Structures are given as C-alpha cells and as structure tokens.
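Hi,

Here is the structure I promised to pass on. Have a look at it first, and then read my notes below.

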Amino acid sequence: MNLPNDSVILLSVVNTLLRDKYSNIADLCDDYGISEKDITDKLSSIGYTYNPTHNQFK
C-alpha cells in the first residue's frame, strides 16, 4: 500500500496505522520506505506534529 498524497487523508491513514500496527513513527516509515521528515513536514503544513507519548499526530 502506498501512502496518500493528500495531507488530510495522510493524517488519517498514518494515525490509524500508528494506533493499530506501529509502536512508533520510525517503524512505520521503515516499512513504507519513506523518510520520517517527509511525513512530519507534510503533516506540519496542516498544523499537526508527532507526539511520541501518544504515538499520533496531534
């Protein structure tokens, strides 16, 4: 599965994957072969940052 390009849909997909499958963003990025910076930059552009304590973007 490829991650979506639309930031809002990406937010939903990434948070769902973090909740259901991955214990941290690094593992998710490793499995999908993408950089953590790419995801965090894209989601920060819509006002979300990764919270490692909650393992989600808020």
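**Starting from Val-14**

Leaving aside its neighbours within four places in sequence, Val-14 is in contact with Ile-25, Leu-28, Ile-39 and Phe-57. Before you go further, bear in mind that this is a predicted model. Val-14 sits in helix α1, and its relative accessible area is 0%, so it counts as buried. If you want to place it against a distant part of the chain, try Thr-49: the two are 35 residues apart in sequence, and 12 Å separate them in space, C-alpha to C-alpha.

**How α1 meets α3**

A word of background first: two packed helices are described by the angle between their axes and the distance between the axes. Here the pair to look at is α1 (residues 7-20) and α3, whose axes come within 9 Å and cross at roughly 125 degrees. That angle is why α1 is called oblique to α3. The crossing of α1 past α3 is left-handed.

Which residues make the contact? From α1 they are Ser-7, Leu-10, Leu-11 and Val-14, and from α3 they are Ile-39, Lys-42 and Leu-43. Sorted by class, this contact of α1 with α3 has five nonpolar residues, one polar and one charged. So Val-14 turns up here again, as part of the α1 side of the contact.

Ser-7 deserves a look too. Like Val-14, it has its place in helix α1. Is Ser-7 buried or exposed? It is buried, because its relative accessible area is 15% and the cut-off for buried is under 20%. If you set aside the neighbours within four places in sequence, Ser-7 is in contact with Lys-42, Leu-43, Ser-45 and Ile-46.

Another α1 residue to click on is Ser-12. With 44% relative accessibility, Ser-12 counts as partly exposed. Ser-12 and Phe-57 are 45 residues apart in sequence, yet their C-alpha atoms are 9.2 Å apart in space. You have met Phe-57 already, as one of the contacts of Val-14.

**Charged pairs**

Side chains of opposite charge can pair when their charged atoms come close. How many salt bridges are there in this model? The count comes to two.

- Arg-19 and Asp-20 form a salt bridge through their side chains, at 2.8 Å from N to O. Arg-19 has 62% relative accessibility and so counts as exposed; Asp-20, at 55%, counts as exposed as well.
- Lys-37 and Asp-41 form a salt bridge with an N to O distance of 2.5 Å. Both residues lie in helix α3 (residues 36-44), four residues apart, which is about one turn of the helix. Lys-37 counts as exposed at 54% relative accessibility, while Asp-41 is partly exposed, with a relative accessible area of 36%.

**One backbone detail**

Most residues other than glycine have a negative phi, and most peptide bonds are trans. Against that background, look at Asn-55: it is not a glycine, but its phi is positive, at about 55 degrees. Where is Asn-55 found? It is in the loop between β1 (50-51) and β2 (56-57). Asn-55 is buried, with 13% relative accessible area.

That's what I have for now. Shout if you'd like to go through any of it together.

Cheers

Terms used: Residues numbered from 1 in each chain as written. Predicted model: local features only at pLDDT ≥ 70, side-chain atom pairs only at ≥ 80, totals over all residues. Heavy atoms only, no water. Salt bridge = Lys/Arg side-chain N within 4 Å of Asp/Glu carboxyl O. Buried < 20%, exposed > 50% of the residue type's maximum accessible area, 1.4 Å probe, protein only. Helix = DSSP H or I, 4+ residues; strand = E, 2+ residues; numbered from the N terminus. Axes fitted to C-alpha atoms, helices over the stretch in contact; angles between N-to-C directions. Parallel < 35°, antiparallel > 145°, perpendicular 65-115°, else oblique. Left-handed = near helix turned anticlockwise from the far one by under 90°. Contact = heavy atoms within 4.5 Å. Nonpolar A, V, L, I, M, F, W, Y, C, P; charged D, E, K, R; others polar.
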